[in-house]
Amino acid sequence: MYFHRDYLDAVRTGRKTTTVRFRDPVATGPVDMVFELDEEVVLRGVVTQITSKRVGELTEQDAIADGFRDLEELHDRLRYHYPDIVPSDEVAIVQFRLADA
């Protein structure tokens, strides 16, 4: 599962425990979380749950679990990563944790 470089610290510290994905299939179970830096960083993780929602149904709680200050920031980042996304689009809220070392 690929992540933008900006999210590495939030995942490492446990501040980010979900990721919202649009048209990016993910399954529960073990996963390599790959961060796109000059040299790839890979963290071992586990996807524990996947929930579907429409973009317009996302909540402040969803935003905070995703490592953002608020829902507005989450919406801004979704538009950054997925420029064509609209409130009626269905997204997957992927809950994950770092794998035990």
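Here is a short chat about ring pairs, burial and contacts in this predicted model.

User: How many aromatic pairs turn up in a search of the whole structure?

Analyst: The search finds 4 aromatic pairs. One of them is Phe3 with Phe35, at 5.0 Å centre to centre and 20° between the planes.

User: What makes Phe3 and Phe35 a stacked pair?

Analyst: Centres within 6.5 Å make a pair, and planes under 30 degrees apart count as stacked. At 5.0 Å and 20°, Phe3 and Phe35 pass on both counts, so the pair is stacked.

User: Where in the chain do those two rings sit?

Analyst: Phe3 is in strand β1 (residues 2–3) and Phe35 in strand β3 (residues 29–35). They are 32 residues apart, and the pair links distant parts of the chain.

User: Why is Phe3 called buried?

Analyst: Buried means under 20% relative accessible area. Phe3 has 2%, so the label fits. Phe35 is buried too, with a relative accessible area of 0%.

User: What makes the pair of Phe22 and Tyr82 edge-to-face?

Analyst: The ring centres are 5.6 Å apart, which is within 6.5 Å, and the planes stand at 75°, over the 60 needed, so edge-to-face it is.

User: Why say that the pair of Phe22 and Tyr82 ties together parts of the chain?

Analyst: Because Phe22 lies in the loop between β2 (18–21) and β3, while Tyr82 lies in the loop between α3 (71–81) and β5 (90–98), parts that are 60 residues apart in sequence. Phe22 counts as buried, at 10% relative accessibility.

User: How do you know that the charged end of Arg21 sits over the ring of Phe3?

Analyst: The distance to the ring centre has to be within 6 Å, and the charge has to lie within 35 degrees of the ring normal. For Arg21 over Phe3 the distance is 4.9 Å. Lys16 sits over the ring of Tyr7 in a similar way, with its charged end 4.6 Å from the centre.

User: Which side chain does Thr19 join through a polar contact?

Analyst: That of Arg21, at 2.9 Å. The cut-off is 3.5 Å, so the distance fits. Thr19 is found in strand β2 and is buried at 5%. Phe3 is among the residues that Thr19 touches.

User: Which residues have the most contacts inside the largest nonpolar core?

Analyst: Met1, Phe3, Met33, Phe35, Leu58 and Leu74, in a core of 27 residues. β5 gives the most to this core, with 5 residues. Separately, ring pairs link Phe3, Phe35 and Phe96 into a cluster.

Methods. Residues are numbered from 1 along each chain as its sequence is written. This is a predicted model: local features need pLDDT of at least 70, side-chain atom pairs count only at pLDDT 80 or more; totals for chains, interfaces and linings use all residues. Side-chain values use heavy atoms; hydrogens and water are left out. Rings of Phe, Tyr and Trp (its six-membered ring) pair if their centres lie within 6.5 Å; planes under 30 degrees apart count as stacked, over 60 as edge-to-face and the rest as tilted. Helices (H or I, at least four residues) and strands (E, at least two) are DSSP runs, numbered from the N terminus. Buried means under 20% relative accessible area, exposed over 50%, partly exposed in between (1.4 Å probe, protein chains only). A polar contact is a pair of N or O atoms within 3.5 Å; within protein, one must be able to donate a hydrogen and the other to accept it, and residues adjacent in sequence count only if both atoms are side-chain atoms. Contact means heavy atoms within 4.5 Å. A nonpolar core is a set of buried Ala, Val, Leu, Ile, Met, Phe, Trp, Tyr and Cys residues joined through side-chain atoms within 4.5 Å. Lists of a residue's contacts leave out its neighbours within four places in sequence.
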